[in-house]
Amino acid sequence: MTRIFDDPAEFADDQLAGFLDLYADRVRGVHGGVVAHRGDGDPQVAVVIGGGSGHYPAFCGTVGPGMAHGAVVGNIFTSPSAAQAYSVAKAADQGRGVVFSFGNYAGDTINFGIAADRLRAEGIDTRIVVVTDDVASAEEETRRRGIAGDFTVFKAMGAAAARGADIDEVERLGRAANAATRTLGVAFSGCTMPGEDEPLFSVPEGHLGLGLGIHGEPGIRDVPMLPARELAELLVDDVLTHAPAGAPGRVGVILNGLGTTKYEELFLLWRHVAPRLRDAGLEIVDPEVGELVTSLDMGGCSLTLMWLDDELEPLWRADAYTPAYRKTAAPVAALRGPTADELAEADAVVTAPSSSAGARDLATTVRSALDAVAATIREHEHELGRIDAVAGDGDHGRGMAKGITAATARVGELGDDVGGGWVLQQAGQAWAERAGGTSGVLWGAALEALGRHLGDTADEYPAATVAAGVREFATTIQQLGGAQAGDKTLLDALLPFVDELERRVGDGDGLAAAWTAAAATATDAAAATADLRPRVGRARPLAEKSVGTPDAGATSLGLIVTAVADVLTSQEEQT
């Protein structure tokens, strides 16, 4: 259990501030994460890694010579936002391009993808290498999630960049490292979010969870606890069955602790892992035993193998010097601090006063609706997290609370001369910026789309205009998230809501009445998701565990539209 914190919601930011103070001689903080100080040598391709907090030393702990040039740091178990990824990459870029690398999770893929598009639009060559090492999460390699194998891929690309490789070569070697890497993990106990009393999942007494994820996802099945020798056999044999075709006979190895498994336990387990690998005819090269990719206070471990050919072995063996991982004592004195230009920030919220009285009236309604949504999400935060933890990482309630809190705070900074469209756009940007993760980027982008559709120039906003804007909201989520009805996502409540809203408005109902009826439809549809099996996202590998529990995103959607219905009804009664 995490016991040292101030405000649990600010845990990620607070711990990063301490990290930056501790290692100020080799890294600096930028908006969204950390960037390594630069040496006096030739510019390098910037390898920028990232993901949620809670995995230290991944990700910021492996920033430094021979490894990553920057790390994007999200909230606990939550993807960083696109703005954070862009900011870190922009600061890390040395003029030779940027390679993003991260585990294969929907939120990371979306947010880093958006950041990459923005960088490319500015003329910065940007590539993406996604890590897919977890053999338990899917049969198809491209659909596997990234866990401790993140480290081998980051190491290969960092070493390639350090020796002067161009961006094509760094990207190619990163993909080669990923293709050569396989991981399997087991959990002995669940992890607990800061401020919570109960873990995100539990393992039955006398059992271990096989095939865990690193975001608090439980294993794909529970098996009886094994003695160390048999546990080593399970890990080694399963990983070897997934060896790449034509794999060479030399392997880089990581026996990774997940948070509370003691080093002595890992050393004992290695005693059995090493000879079993050698008995399989493999030569072990520079093995690593310790904590490299953790999951808060999870009890458990994972075994990673990277099969080494003549290209990958020198990269695996290469020197590196980071706060948490060092193969040599590279002199910190060779590093320089940031210049004044590098420290300059241009984060400013630009307001757009509206010339329409109708738009300003709409802004009043939007502000009231956002306040009501904030109160509802805070009331149900823990329940949403509990639902999400059944087959996910348990962060949905916290992520939604963080998003709506950021949105209302940003809106509170705006003057009274702005319109409702601008208020929605600013709320969406703040939501995506602070919440991160899949739901954060989807809600943020959708609110922005709704705001752009409504605009700030109309004299009035009839129900049909609002309904069309809500359809644009839903379309944005569909296009960006890639999900469809029946996938057990928020769309299973949102699409019925939009359909009913449009039908009611088309029949002549006023906005309040139409919205209230549509909210009831969304609430029923959200409850009905309990019968669905997830087909996308983190819950997909745990589809069976999800059956019987409604989708957290659909549930929060139902709560939100119901809260907005109450605001619209109240305002109508007052006029």
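In these notes, helices are DSSP runs of H or I with at least four residues, numbered from the N terminus. I keep that handy for Lys 488, which I found in the loop between α14 (463-481) and α15 (491-506). I also remind myself that this is a predicted model.

**Entry 1: Lys 488**

I looked up the backbone here and saw that phi of Lys 488 is near 65°, a positive value in a residue other than glycine. Is Lys 488 buried or exposed? Its relative accessible area is 4%, so I wrote down "buried".

**Entry 2: the whole chain**

I stepped back and counted 18 helices and twelve strands in the protein chain. For 575 residues, a compact globule would have a radius of gyration near 25 Å, and I found 24 Å, which agrees. The C-alpha trace spans about 80 × 55 × 45 Å along its principal axes. Of the 575 residues, 58% count as buried. I then took the contacts between residues at least 6 apart in sequence and noted that 74% of them join residues at least 24 apart.

**Entry 3: surface and charge**

The accessible surface comes to about 22,200 Å², and carbon and sulfur atoms hold 50% of it. I tallied 46 positive and 82 negative side chains, with the centres of the two sets 6 Å apart.

**Entry 4: cysteines**

A disulfide is a covalent bond between the sulfur atoms of two cysteines. How many disulfides did I get? The count is zero, taking a pair of cysteine sulfur atoms within 2.5 Å as the rule. Why is Cys 60 unpaired? The closest cysteine sulfur, in Cys 191, is 18 Å from that of Cys 60, so the gap is too far for a bond. Cys 301 is in no disulfide either; its nearest cysteine sulfur, that of Cys 191, is 15 Å away. Cys 60 is buried at 5% relative accessible area, and Cys 301 is buried at 2%.

**Entry 5: backbone oddities**

I found a cis peptide bond from Tyr 56 to Pro 57, with omega near 15°. The bond from Ala 58 to Phe 59 is cis as well, with omega near 15°. Pro 57 is in the loop between β3 (46-53) and β4 (70-76), and Phe 59 has its place between β3 and β4 too. Asp 286, in strand β11 (residues 283-290), has a positive phi of about 45° although it is not a glycine. Asp 286 is partly exposed, at 25% relative accessible area.

**Entry 6: Asp 25**

Where does Asp 25 sit? I found Asp 25 in the loop between α1 (11-22) and β1 (27-30), partly exposed at 36% relative accessible area. Asp 25 and Arg 336 are 311 residues apart in sequence, yet 8.5 Å apart in space, C-alpha to C-alpha.

Notes: Residues numbered from 1 in each chain as written. Predicted model: local features only at pLDDT ≥ 70, side-chain atom pairs only at ≥ 80, totals over all residues. Heavy atoms only, no water. Helix = DSSP H or I, 4+ residues; strand = E, 2+ residues; numbered from the N terminus. Rg over C-alpha atoms; globule rule 2.2 N^0.38 Å. Buried < 20%, exposed > 50% of the residue type's maximum accessible area, 1.4 Å probe, protein only. Contact = heavy atoms within 4.5 Å. Areas by Shrake-Rupley, 256 points an atom, 1.4 Å probe, with all protein chains shown as cover. Lys, Arg positive; Asp, Glu negative; His and termini not counted. Charge placed at Lys NZ, Arg CZ, Asp CG, Glu CD.
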